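Trainee: Could you go through this structure with me and show how each label is earned?

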Amino acid sequence: MMRTVESYNKIDITNLSIQGTDETIKQHININGHNIKITPTRPNYGGLRWWFICPSCHKRKRTLYLSDNDYYCRKCLGINYKSQTYRNSYDALTDEYIQILNDIYKLKWQIDPEAMQGFLNVYEPNLPAYATLYFIPDKPYTMRQTTYDKRIDKLVGMIEQLGQVNRLAMGMIEKHKEDVQEQYQEAYNYQQKDN
């Protein structure tokens, strides 16, 4: 399972109170025994904005994450946000679903292309292709019974596999909805706390 930023301990520069308004005052800060370099920038509205310097890429970062007894930015650790992980996993499931669906139709056309064409034309000319998913073609006259049985067993297994992928995707959608709702609630609570 891919690790996300939520599974790491993090430090955020905005949660620290850095004393002084002159950039020469501080160049390093000690957090839990780690000496982390910091640097300021001057925003247009005045004052100083402080940044951590990632020890690996040496770029300014607002947040660093603890890994291997040192703090690094998320890019150097190769970690993503939960929402990015969801999208990537969902895309992979979608690709798998489409591949299995294509394999099912290829196998059905191998069993009996005339029956598949007849099913599409006779029952409903405007019928979408996915409506034929549970249609099992009859054994063609020229096909051996053992060959037909093997292909039907494989077809039923593929349909079951497609159902499992679909259930996984639906579970991911529900989990994602819960995560989004939780994030909205946290943002709302945070906004109410500030007011």
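Trainee: Why is histidine 58 called exposed?

Mentor: Its relative accessible area is 58%. Exposed means over 50%, buried means under 20%, and partly exposed is the range in between, with a 1.4 Å probe and protein chains only. Histidine 58 has 58%, so it counts as exposed. Before we go on: this is a predicted model, where local features need pLDDT of at least 70, side-chain atom pairs count only at pLDDT 80 or more, and totals for chains, interfaces and linings use all residues. Residues are numbered from 1 along each chain as its sequence is written, and side-chain values use heavy atoms, with hydrogens and water left out.

Trainee: Where does histidine 58 sit, and what is notable about its phi?

Mentor: Histidine 58 belongs to the loop between β4 and β5. Its phi is near 60°, a positive value in a residue other than glycine. Strands here are DSSP runs of E with at least two residues, helices are runs of H or I with at least four, and both are numbered from the N terminus.

Trainee: What does that give for the protein as a whole?

Mentor: Four helices and seven strands, following the pattern β-β-β-β-β-β-β-α-α-α-α along the sequence. Buried residues make up 29% of the 195 residues.

Trainee: What makes proline 43 buried?

Mentor: The cut-off again. Proline 43 has a relative accessible area of 15%, so it falls under the limit and counts as buried. It lies in the loop between β3 and β4. Setting aside residues up to four places away in sequence, proline 43 touches Leu48 and Arg49; contact means heavy atoms within 4.5 Å.

Trainee: And why does serine 67 count as buried?

Mentor: Serine 67 has 14% relative accessibility, so it earns the label too. This residue is part of strand β6. Beyond its neighbours within four places in sequence, it contacts Tyr8, Tyr72 and Leu77.

Trainee: How do you know that β2 and β3 pair?

Mentor: Two strands pair if DSSP finds at least two bridges between them. Strand β2 (residues 28-31) and strand β3 (residues 34-41) are joined by four bridges, so they qualify, and they run antiparallel. Isoleucine 31 has histidine 34 as its bridge partner in β3, while isoleucine 29 stands opposite isoleucine 36. In the hairpin, two residues lie between the strands, and asparagine 32 takes a positive phi near 50°.

Trainee: What about β3 and β4?

Mentor: Strand β4 (residues 49-53) is likewise joined to β3 by four bridges, antiparallel. One partnership sets threonine 39 against tryptophan 51 in β4. The open sheet has the order β2-β3-β4-β5.

Trainee: Why are β2 and β5 called edge strands?

Mentor: Each of them pairs on one side only. On β2, the covered face holds Ile29 and Ile31, and the uncovered one His28 and Asn30. In a regular strand the side chains alternate between the two faces of the sheet.

Trainee: What makes a group of residues a nonpolar core?

Mentor: They must be buried Ala, Val, Leu, Ile, Met, Phe, Trp, Tyr or Cys residues joined through side-chain atoms within 4.5 Å. The largest such core has 17 residues, and Ile104, Ile111 and Leu155 touch the most other members. Elements giving two or more residues to this core are α2 (82-111) and α4 (145-194), with α4 providing the largest share, nine residues. Apart from it lies another core of twelve residues, including Ile31, Cys54, Tyr71 and Cys73.

Trainee: Which residues line the second largest pocket, and how do they divide by type?

Mentor: The lining is Val5, Glu6, Tyr8, Lys10, Asp12, Arg62, Thr63, Tyr65 and Tyr81. A pocket is an open set of points on a 1 Å grid over the protein atoms alone, where a 1.4 Å probe fits, with protein on both sides within 12 Å along at least five of seven lines; lining residues have an atom within 4 Å of a point. The lining divides into four nonpolar, one polar and four charged residues. Ala, Val, Leu, Ile, Met, Phe, Trp, Tyr, Cys and Pro count as nonpolar, Asp, Glu, Lys and Arg as charged, and the others, Gly among them, as polar, so Thr63 is the polar one here.
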